[in-house]
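Here are my notes on this entry, set out point by point. Please read them with the sequence and the coordinates open.

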Amino acid sequence: MTSVSLPVDPFDLVIFGGTGDLAVRKLLPVLFKRFVDGQIRPASRIIGVARVVLDEDGYRRLVRDALGEMAAAFAQQCEAFLALMAYHPLDVRKDDGWDRFTSFVNERPNNIRVFYLSTSPGLFIDICQRLGECRLNHGTARVVLEKPLGRDLTGASEINDAVGRVFAESQIYRIDHYLGKETVQNLLVLRFGNALFEPLWSTAHIDHVQITVAETLGLGRRADYYDRYGALRDMVQNHLLQLLCMVTMEPPSSLLPDAVRDEKLKVLRALSPIDASNAARLTVRGQYRAGISEGQSVPGYLDELKDGRSSTETFVALKIEVGNWRWAGVPFYLRTGKRLPEKVSEIVVAFKPVRHSVFARGSGMPLQNKLVLRLQPDEGVKLWLTIKDPGPGGLRLRHVPLDMSFVEAFGVQQPDAYERLILDVVRGNPTLFMRRDEVEAAWRWTDPILDAWESSNEAPRPYAAGSWGPSAAVALIERDGHTWNEGND
Ligand code: NAP
């Protein structure tokens, strides 16, 4: 099976923070992949901006290094790709350099303009104000905002107000790369492209849902950032809640951007509140200690910090309810954390057990059907069914998956989420980006949890690196008679 990649119109992509970790590790390599695939036309330009003084050759060297082995494997295309690169040293907070930058961008008035803010969110307001003053916010201009958008509702609203003074909402692309993942879009297709699931997709037939986003890594280079945010702000407020929305939203009337985003917003507004009155029962926060991760001894979170003190959570588990007609009574268990035993992101939809078993006791019990959508590492879908164990020897029940790994099924590596999302910005399709009201609704729901934790003064529960988090997270789900889906099930 082949997939067709249509070229997009020529564009200028300005990466503010073009020398940073995200640009080097992710954005530049994924752009190269799209270039090799023929989707980026030679009239396009990719313009790095950062304070460090580099000439164009210096930036091209940095980009070549960022491409790693791909640069050698596609040597000819690499040269052509590097020819698209430009670099402008600029401190976005200072006046110098903006005139030259503006003239450069204005050299290609017909190119679609994308300003990708891959800097600390603390610079978003400055950059947008400058772009407005330079009159670079008109025509086809679009701005991409990286997460996190603020640390709370007030911070997010400040950024949204300031960006909104320069760019119309239709020009603003708030990225949540989870929405660009193949499996997340497949969730839409599974739900709305098959007659099979939708009639079962409610409290009548679904027992509970689990969403896990587990990392094996610890703090790495982003310690300062992470310690200010923690798992709830860094992962739940955006990625996990967006996944929850995709699972639970009503069928949109179409896949037009606002039709989808309106439905997600309704879910966010329907989340039952968690605050000081119930946070101790419905949330678990943890912080990793030293342990064994992927066969190596690793230090604890506090050992990785400069001053060795912090009450930031590196793990969170939550029990959530979506308070509406379709989902009343269905628990949604969400968990995410660092230094967990495996890197895995998955959604597990567990259906209610059969009402009555017609099978003899010795046959075994029919187990719950489960639909497992794996977002990483190997994207795919598994539907667990009960069947008869093949062969003679009586009727014994067996639980087996209908397994569709996308790589195996289609023989192609799925594109990275950023590949799709960046080109969606160029195409002007915001369906997979968050609208202002969605981001703010997510913060409105998250803020009271943060407040409850702060007022409780309780430290996060310790867990050993390489384990699945504090035992209280196991108790959170086992209290209701369920267990976390672990292993490759
Ligand atoms: P980073 O490695 O710290 O890079 C920051 C970039 O901004 C550098 O290129 C830096 O270069 C530039 N910069 C800083 N101050 C500047 C100024 N005053 N004027 C112009 N340029 C300036 O950060 P990052 O990890 O790439 O993250 C970028 C954004 O993506 C953040 O919002 C982050 O939360 C988000 N994000 C990152 C990741 C990730 O995996 N890295 C994942 C998800 C989201 P100079 O110092 O030379 O100016």
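**Notes on the model**

1. Helix 1 is followed by Gly 38, whose phi is positive, near 85°. The model is a predicted one, and the points below should be read with that in mind.

2. Helix 1 itself covers residues 21-36, which is 16 residues. From its first C-alpha to its last it reaches 22 Å, close to the 22 Å expected at 1.5 Å a residue. There is nevertheless a kink of about 30° at Leu 27, shortly before the proline Pro 29. Both Leu 27 and Pro 29 are among the buried residues of helix 1. The others in that list are Ala 23, Leu 28, Val 30, Leu 31, Phe 32, Arg 34 and Phe 35. Note that the list includes an arginine, Arg 34.

3. Helix 15 can be read alongside helix 1. Helix 15 has 21 residues, 436-456, and its end-to-end C-alpha reach of 30 Å is close to the 30 Å expected at 1.5 Å a residue. A bend of about 25° is found at Thr 446 in helix 15, and the proline Pro 448 follows within four residues. Just after helix 15 comes Asn 457, with a positive phi of about 60°.

4. Two residues in loops deserve a check of their backbone angles. Arg 135, in the loop between helix 6 (124-133) and strand 5, has a phi near 55°, a positive value in a residue other than glycine. Is Arg 135 buried or exposed? Arg 135 counts as exposed because its relative accessibility is 58%, and the cut-off for that class is over 50%.

5. The second is Glu 294, in the loop between strand 9 (291-293) and strand 10 (296-298). Phi of Glu 294 is near 50°, again positive in a residue other than glycine. With a relative accessible area of 60%, Glu 294 is exposed.

6. Cis peptide bonds should be inspected as well. One joins Lys 147 and Pro 148, with omega about 0°; Pro 148 sits in the loop between strand 5 (142-145) and helix 7 (153-166). Another runs from Gln 376 to Pro 377, with omega near 10°. Pro 377 belongs to the loop between strand 14 (370-376) and strand 15.

7. Which residues make the nonpolar surface patch of about 280 Å²? Val 358, Phe 359 and Leu 395 make it. Leu 395 is placed in the loop between strand 15 (380-388) and strand 16 (397-405). Leu 395 counts as partly exposed, since its relative accessibility is 43% and the class lies between 20% and 50%.

8. Ser 272 is found in the loop between helix 10 (257-270) and helix 11 (279-282). At 26% relative accessibility, Ser 272 is partly exposed. Leaving aside residues up to four places away in sequence, Ser 272 touches Glu 321, Gly 323 and Trp 445. Trp 445 falls within the residue range of helix 15, 436-456.

9. How far apart are Ser 272 and Leu 395 in sequence and in space? Ser 272 and Leu 395 are separated by 123 residues in sequence and by 44 Å in space, C-alpha to C-alpha. Both count as partly exposed, Ser 272 at 26% and Leu 395 at 43%.

Conventions. Residues are numbered from 1 along each chain as its sequence is written. This is a predicted model: local features need pLDDT of at least 70, side-chain atom pairs count only at pLDDT 80 or more; totals for chains, interfaces and linings use all residues. Side-chain values use heavy atoms; hydrogens and water are left out. The expected span of a helix is 1.5 Å times one less than its number of residues. The bend at a residue is the angle between axes fitted to the seven residues ending there and the seven starting there. Buried means under 20% relative accessible area, exposed over 50%, partly exposed in between (1.4 Å probe, protein chains only). Patches are made of residues with over 30% relative accessible area and no salt bridge: like charges are joined within 9 Å, nonpolar side chains (Val, Leu, Ile, Met, Phe, Trp, Tyr) within 5 Å. Accessible areas come from the Shrake-Rupley method with a 1.4 Å probe; for residues, only the protein chains shown count as cover. A salt bridge is a side-chain nitrogen of Lys or Arg within 4 Å of a carboxyl oxygen of Asp or Glu. Contact means heavy atoms within 4.5 Å.
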